[in-house]
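Biologist: I'd like to go through this one with you. Can we start with the cysteines?

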Amino acid sequence: MKSFFEITGENGDTPTTSYLFSDSDRYFFDCGEGFQKFTKGRPNITLGKVKSLFITKLTWDCIGGLIGLFLTLAEYNIKIKVYGPKGLHKLFTASREFQYSLNVEVHEIDTDKVQIIKDELFIFYTLPIFKSTNNNNNNNNMNNHSDNNNEIKESIIDEIGLPKLTYYGKRPNFNQENIENYQEPIVCYIGKTKDFRGKFYPEKAEALGVPKGIAYKHLQDGNSVLNKDGVTITPEQVMQPSMKGSKIAVIRCPSLEYLDSLLKHTHLFKDIHVVNHITPQSVLTNDKYIKFMETITNQSLSLASIGGGSGGTKHIIVNEDNCERSTGCLSSDIQISKLRKFIPQLFPINDTQRQQLPIDLKDSKILNSTNIIPCKDATQITLGPPQNAGEIQFLPMFLNNNNNNNNNNNKNNNNNNCGEDNEDNNGEVIEEFINTKQGQIFKNQLDDKIKEIESNCEKVCFPKILFTGTGSSIPSRYRNVTGNFITLKDGSNLLLDAGESTFGQLYRFFGPIEVKKQLINLKMIWISHLHADHHLGIPNLMEKRQQYSKELNVEIKPLVIIGPNSIVQWIKDLSSIIEMNFIGITIGKETDEFYEICKSLDIKCVTMVPVIHCNFAFGIVIEWNDGFKLSYSGDTRPCKFLSEMGKHSSVQIHEATFEDEKRNDAISKRHSTVGEALEVGRNMNCNFSLLTHFSQRYPNLKMGTYKDTNYGLAIDLLQIAPYQYPLVYRMIEPFSLLFEDEAQKKLDRKQQNIQQTLIQNPNKKFKAAKQPDDNIDSLEKDTKRLERYQRKYKKVESNLPAYLYNIISKSLSTVENTFDDLNNQPQIDDNDDF
């Protein structure tokens, strides 16, 4: 059996993940926010083969990607088991309003004993640990640490009990406990492959008279058979002896308070090939922890004499202090670097580097640089075949990162996708484009416009809008899901929607130091509606904000979160397992906290307008005291009510999910096309329109043929001030031509690669490109698909008013919707092209 264990580091924008690979199944340890985006483009990761996930801790860094992952995996129709600490089911029960009946089982681990989880390929041991009430683990008390260890009772393995099934998505109310608050348990894990079968010798079986066929399989499975003469033949007669399975361990020990509890399990760490230490430097360099690692190494010395692999335990260190950072969004980084060559003002470089500290092993005679290894990129350790167990490789995180070509798995993937282009070559493409006559014209025009607007002494610099996500539905390699981070003149920040990985995007843009200040200055989050791609980033933002305030010793007020009641309730339910300091306010309700936070943001009035998408979906209009007016649509069909309430906006941020030829999709899914979004801007008489929330089918910018000149297409990590709006319009044509030219060059290289492959291997077969099917059956199928979406949204509340908050007078009034455009939405036109 081929098997390996792959570990990625704490990269700031993406939390660490451990990945256990076998020939048939896949397993993950932890599933933090941004998991989906991080796995796109990664070699060997096939989400459709995921069998189980193991969660170590109830923090958003460990569970924040689960809901988004399972919403995506719903199409695979496979059941996945999730194991974790008590309280894990609350994530799913709290999210039942928008995650529906997912095919997932949640099994909560007994935090008083070690339990065993078995399947066809692996055996897992659960190791619960808790904070110690009597913490004597600082280095000053180490003279007595041997005595303390003697007092620690060894953990006991429960050979019978299994983790408790507490949630089953097909029956959401299954076996749930009504517990309000949970302790802070952490679960570490030891995993072991089943023993490796020895080599089967068919010639021996034939010589012993065993009939070919199923009898051979029975022998390889470890069962005795009868030969032609009725004599029993055992596996030992025709096979090499089995070899012991390989072991891995995942340890999460975030502070010294957990150390005594962890040490109770020391006796279980025998013959471990690799240990993933998710521990900060303060724990890692503690004398007690160093001795713990030494003990694991000593208890695994026998590995050095087994097989032909790399003997001895490998300790892989994962933390922000001792590990170098690897990008978690390579495709997006490459795309932004291209755009930066044209307009660096809109895509500034953040060159703040995370400092990597050496690991102090306190002159250990057992631990050294050969067995204590900081995680780097994707650190992969072989588990099987057993003769290679323990071998370690540092592999590129993504297939298109060509820094390391010794990855056999990458080579295999490239063979299966012959002709796929490497994105690292695309820097040459943009240089070629800029140096063409046409490219030089565009570049000079942009440079002239930049000089013109920068020299204007009356330029308006605030509010700045940073797009943390410009895609819809699910994250892609290029576009994250929705988020609009708005910075005011005094440095205060507010967010309009916060999809998954909003924090990761802020980390990428601001860097590891500045992001702390920006989050502490985040005062308010406004959420447009319940769909997951607009709000799954909230818990991580609150966790990090709280963490940074403690690190910097800064007192902060609770974060104000405004949204539909279902959003406020979701956060309240999650707060039973995740520490979140917030004030939740339902749209349409009055509270002193809302008026106070708006006053601190220098806001004059706020209008929340019902729009045409799902139940309780809203847009928002914000007017500041200096006269600047911003309208944001959320998700919607073109909405006359929003156009009226946002009249004369300085800028509108409007969704434009589909291109104009996909109008039927836009109608059925209650979204807007690019042309429709621009029409809203004209009806609103706004100064400028910034379009966002594009379908993930459009990874790059697209050029429209519209008469408007006061609009731009947003892209992830674009930060723009009001005086810079003209630049994003001037970006459209050169960037569209650039990406078209780039796409053609990639296609040409692909064809060249295919031709070269055919010369070397004439019998090589390639999968034919899927041709568009425009027959009547396909048209009817697409029509039925869109009709299902229309039925889904039929029962949408249509009589909600707009809520107008006057911040100066602290008063709330309502404005009735007289347009009735919700009930008069167009139906699917069968004559339209799909």
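Modeller: A term comes before that: a disulfide is a pair of cysteine sulfur atoms within 2.5 Å. Keep in mind too that this is a predicted model.

Biologist: Fine. How many disulfides does the structure hold?

Modeller: The structure holds 0 disulfides.

Biologist: Take C188, then. Why is there no bond to the closest cysteine sulfur?

Modeller: The closest cysteine sulfur belongs to C253 and lies 7.2 Å from the sulfur of C188, so the two are too far apart for a bond.

Biologist: Is C188 buried or exposed?

Modeller: C188 is buried, with a relative accessible area of 0%. C461, in contrast, counts as partly exposed, at 26% relative accessibility.

Biologist: New topic, strand 8. Which strands does it pair with?

Modeller: Strand 8, residues 122-129, runs antiparallel to strand 7, residues 114-118, and 3 bridges join them. Strand 8 also runs antiparallel to strand 11, residues 186-193, with 8 bridges.

Biologist: What links strand 7 to strand 8 along the chain?

Modeller: A hairpin, through 3 residues.

Biologist: Which residues face each other?

Modeller: I116 has Y125 in strand 8 as its bridge partner. On the other pairing, T126 stands opposite Y189 in strand 11.

Biologist: How many residues of strand 8 are buried?

Modeller: 7 of its 8 residues, so the strand is mostly covered.

Biologist: Last one, helix 18. Which residues are buried there?

Modeller: In helix 18, residues 565-574, the buried ones are I567, V568, W570, I571, D573 and L574.

Biologist: And what do they pack against?

Modeller: Several elements, including helix 2, helix 17, strand 24 and strand 25.

Notes
Residues numbered from 1 in each chain as written. Predicted model: local features only at pLDDT ≥ 70, side-chain atom pairs only at ≥ 80, totals over all residues. Heavy atoms only, no water. Buried < 20%, exposed > 50% of the residue type's maximum accessible area, 1.4 Å probe, protein only. Helix = DSSP H or I, 4+ residues; strand = E, 2+ residues; numbered from the N terminus. Pairing = 2+ DSSP bridges. Contact = heavy atoms within 4.5 Å.
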